[in-house]
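Please look at the model shown below, and then read on for a careful account that begins with a single helix and afterwards turns to the chain that holds it.

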Amino acid sequence: MGQLSLNQRAALLSVLMLIVGLLLWEAAIPAQKAVEELTEYERLTGAGEAKAGVPPPSQVLAKAWEQLSDPFYDAGPNDKGIGIQIGYSIYRVLTGYLLAALVAIPFGFLIGMSQVACKAFNPFIQVLRPISPLAWMPLALFIIGDSEASAIFVIFICSIWPMLINTAFGVAGVREDWVNVARTHELGAIKTAFTVILPAAAPTIVTGMRISIGIAWLVIVAAEMLVGGTGIGYYVWNEWNNLDLTSVIFSILMIGVVGMLLDSAFGLLQRRVTYAE
Amino acid sequence: MKPYLSIEKLTQRFPDGAGGELTVFEDASFGVEKGEFVVILGHSGCGKSTIMNILAGLAEPTSGVVVMDGQAVRGPSLDRGVVFQNYSLLPWLTTLKNVTFGVAARYPDWSKAKVIDHATEFLAMVGLEGDVIHRKPSQLSGGMRQRVSIARAFANHPKLLLLDEPFGALDALTRGTIQDELLKIWGQMEQTVFMITHDIDEAILLADRILLMTNGPQARVAESVEITIPRPRNRTEIVEHPNYYAIRNHLVQFLGKRSKELAGQPTIAGETNRPETVRIDKTEPQDDPEDTQPALVAVNS
């Protein structure tokens, strides 16, 4: 054990915890009696029917194998592969998120450059920011009138705030010295913005983007449960209505995995723009 | 004939927070000749940095003008390069790119290769060569960072180079080495330099002339002391020069005593308020060779 690196030991421990956790889960589910062992009375009262209990991990794994081996099948509106469902969710998240970034980053830049604008917009931002994005849903459905666009709007509205606030904060906090370097080199406003302020504020801006994508992925599940039709959130709710808990657990895990992938993509971006002073 | 750089009746007042005004300095007037190395010495709070920022165009004086090469200074310009105390390198760029960034701004018509060659040449002049120039500033020592900053400033051939306590954050040994580098590069370039420092020995080593400021508020440039030690100078040899300690004592006396005594004297209206020129030279033939006092020749210009 002494030769193993810190990472190897941690990985070993993780695998161990996973195995122990799965075994405990498996053991905690009471086995269903086989039909032959039932008494006449039990059979008549329906005790032998497969009960909708929490499925053991072995079933979930079997489900995962089944789903992941054919993720893109499409057998009608209520029966699509997990890949298609996740694809819909990612499409909505990215559309709403990119629209939010297109608004929040330039706007945050302007707010950050001007103390007056910063103070003037602050009360609006502070009131709008804590609103649960789903609270916008009825209004969005009424005004936009389209459930698909409403879901994207909800993503837009929830991901705009961290990006806006972090961009403004990052831009306002750019060191005076660096701005003075730009000034003494006679850089114009646009050039200063792109060659000095943007790289200086980039770590803060990307942190905001990372928070936003996390929130957007949290919100899409709830939004899709409301609007229905497609998406991973709808899939979870639909499988609950079907009382297919195996699929519910499997899709919960998939939500976690996709969320982690989205976050680590921004983690990579963050590492690229971070600088040491 | 006006000097190359002429500071005329510069006054800076700030609100003092109690409804009144605080005069940092008043009617400061002095000149700097082309190719001259002028150092300004004074206690904290006398407004040295404010004068520097006005010369750089980063701050506006309450009144007065700065004329350089026949043109009034207005706003920052590539004609006036600045080396800041805290180096002010852009931490996300490599050493080389920190210099090419400045060169490309100065010479927008140059090809990329020419910009890189020019920047590399100036980095080599301050002793930065090889792999070092591809490192980020965070991977460099304080002394190396300030070298980059000096290379960036010299590479742009500014008409006036402003050094704002460039060695203030460095340890004494590093400071010595970089002072030598600065002297070497300055000797090759005939660059006009205006520098702030707290360090008397540094001032004597580098300067052609030292401007002495009285304590603030209402500070003024009281004296202009010529450094009558021939160049090229060398830190170990100048201390042997007969003028060295005479000049040094004069500066110490001024900063220790007279800067306080002269402080806060309101300027007389109509006076030009130019600093008194002080020339201390013990190598010149003197009327009374027995006189142990430094020869003080005060000329009111």
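In this predicted model, helix α4 of chain B runs over residues 142-155, and because each residue should add 1.5 Å, its 14 residues should span 20 Å, which agrees with the 20 Å that separate its end C-alpha atoms.

How much of this helix is buried? Eleven of the 14 residues of α4(B) are buried, so the helix is largely enclosed by the rest of the structure. Among these buried residues are B:Gly143, B:Gln146, B:Arg147, B:Val148 and B:Phe154, where buried means under 20% relative accessible area. The cover over the buried residues includes α8 (176-184) of chain A, and from chain B it includes the elements β6 (80-83), α2 (95-106), α3 (112-125), β7 (160-164) and α5 (172-189). After α4(B) comes B:His157, which has a positive phi, near 40°.

Chain B as a whole has eight helices and twelve strands. Its radius of gyration is 20 Å, close to the 19 Å that the globule rule gives for 301 residues, so chain B is as compact as a globular protein of that length. Of the contacts in chain B between residues at least 6 apart in sequence, 71% join residues at least 24 apart.

Some overall values for chain B are set out here.

| Property of chain B | Value |
|---|---|
| Span of the C-alpha trace along the principal axes | about 60 × 55 × 35 Å |
| Residues that count as buried | 52% of 301 residues |
| Accessible surface | about 13,500 Å² |
| Accessible surface belonging to carbon and sulfur atoms | 50% |

Chain B also carries 31 positive and 38 negative side chains, and the centres of these two sets lie 7 Å apart.

Terms used. Residues numbered from 1 in each chain as written. Chains lettered and ligands numbered in written order. Predicted model: local features only at pLDDT ≥ 70, side-chain atom pairs only at ≥ 80, totals over all residues. Heavy atoms only, no water. Helix = DSSP H or I, 4+ residues; strand = E, 2+ residues; numbered from the N terminus. Rg over C-alpha atoms; globule rule 2.2 N^0.38 Å. Buried < 20%, exposed > 50% of the residue type's maximum accessible area, 1.4 Å probe, protein only. Contact = heavy atoms within 4.5 Å. Areas by Shrake-Rupley, 256 points an atom, 1.4 Å probe, with all protein chains shown as cover. Lys, Arg positive; Asp, Glu negative; His and termini not counted. Charge placed at Lys NZ, Arg CZ, Asp CG, Glu CD. Expected span 1.5 Å × (residues − 1).
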